[in-house]
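Subject: Structure for you to look through

Hello,

Please find the structure we talked about just below, together with its sequence. I would suggest keeping it open while you read, since my notes follow directly after it.

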Amino acid sequence: MTTDDDNTTEVAEFLLMGFSDSWEMQSVHAAIFLLVYLAALTGNLLVIMLPALDVHLQTLMYFFLRNLSFLDFFYISVTVPKSIVSSLTHDTSISFFGCALQAFFFMGLATTEVAILTVMSYDRYVAICQPLHYEVIINQGACVKMMAMSWLSGMICGLMHVTANFSLPFCRPNRVHQFFCDIPQLLSLVDSKVIIIEIGVMVLGTSLVIICFVSITLSYMYIFSVIMRIPSKEGRSKTFSTCIPHLVVVALFMISGSVAYIKPISNSPSVMDLLLSVFYTVVPPTLNPIIYSLRNKDMKVALRRQCGG
């Protein structure tokens, strides 16, 4: 790391400070993250593989779920393995290029996740509120286009963030008070006079997330209004038990991420800031396969069939 005459810093690498400097706490952190990471990989791989192996699951709904699990498999892999290795080896450094690449994939995949969750809520809205028109509205061509647009929008967003952030001059020490290269913490290393472009990108991104969250909430409100008209109490209870966990995980993911990205940038984040980041990096890809798929009766039956049960 070298400094020029204008008090800007040429950074060759960053130091990810993580949760603690204590060896004991780093070991605990590594063990917890490893268990969560293995659980997330197992759950998402099951959701990806089961529909491919079982013809009964080769429907458009499982097309969305497989895309979500494919995304979550890589989303958690962008941040958690590096954090585990850093804790075990006590080497917290990450190269400038490695940090930029991690930030690109993290922001790109996070945005894609928001888009896919929005599409999936629309799919459920049409299936429950307009069942007679479902096959006309949600056909294979429409599904492929919606997924393509979700992935494309995510990658464009990731590119915008990385271009805006990593083209700025760094003027503070290269210590990132986070367990991965998160944009708000990287901005704390930049002169506040020159971050207007990246702040603009963050405001735009957060506004789109809020719009998506409102769309998802409205979709579920319509769904709940239809559910309330189901005469069977058991039927209402079963549908509510499926939909409410979906909405809770979506809210947890989007609200925690939005709060982290719109709150004032701090040079010394608290433990709560680090825990908040866990809710939009680690929790969603771990819970999504359980809530959206593995609680599903058809998935359980398919899993038993494949296991020979």
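Ile211 lies in helix 7, and this residue, in what is a predicted model, belongs to a nonpolar patch on the surface that also contains Met149, Leu152, Ile156, Met160, Leu204 and Leu208. Together these residues have about 660 Å² of accessible area. The patch draws at least two residues from helix 5 (140-166) and at least two from helix 7 (196-227), although helix 5 gives the largest share, with four residues.

From the surface we can turn to the inside. Rolling a probe the size of a water molecule over the atoms shows where empty space is left. In this model, a search of the whole structure finds two cavities of 30 Å³ or more.

The largest cavity holds about 140 Å³ of space, and 13 residues line it, of which Met17, Gly18, Phe19, His29 and Ser87 are the closest to its centre. If you wish to find the surrounding elements, helix 1 (23-53) and helix 2 (60-89) are the ones that give two or more residues to this lining. What classes of residue make up the lining of the largest cavity? There are five nonpolar and eight polar residues, and no charged residues, in the lining of the largest cavity.

The second largest cavity has a volume of about 80 Å³, and eleven residues line it, with Gln178, Asp182, Gln185, Asp273 and Tyr280 the closest to its centre. Helix 6 (183-187) and helix 9 (271-281) each supply at least two residues of this lining, and the largest share, three residues, comes from helix 9. By class, the lining of the second largest cavity divides into five nonpolar, three polar and three charged residues, whereas the lining of the largest cavity has no charged residues.

Tyr280 deserves another look, as this residue, named above among those closest to the centre of the second largest cavity, is also part of an aromatic cluster. The other members of that cluster are Phe33, Tyr75, Phe106, Phe179, Phe180, Phe253 and Tyr261. Across the structure there are 18 aromatic pairs, and you may like to pick out the rings of the cluster on the screen as you go through them.

Best wishes

Methods. Residues numbered from 1 in each chain as written. Predicted model: local features only at pLDDT ≥ 70, side-chain atom pairs only at ≥ 80, totals over all residues. Heavy atoms only, no water. Phe/Tyr/Trp six-rings, centres within 6.5 Å; stacked < 30°, edge-to-face > 60°. 1 Å grid on protein atoms, 1.4 Å probe; cavity = no way out; pocket = protein on both sides within 12 Å on 5 of 7 lines; lining within 4 Å. Points joined across faces, edges and corners; volume = space filled by probe spheres on them. Nonpolar A, V, L, I, M, F, W, Y, C, P; charged D, E, K, R; others polar. Patch = residues over 30% accessible without salt bridge, like charges linked within 9 Å, V, L, I, M, F, W, Y side chains within 5 Å. Areas by Shrake-Rupley, 256 points an atom, 1.4 Å probe, with all protein chains shown as cover. Salt bridge = Lys/Arg side-chain N within 4 Å of Asp/Glu carboxyl O.
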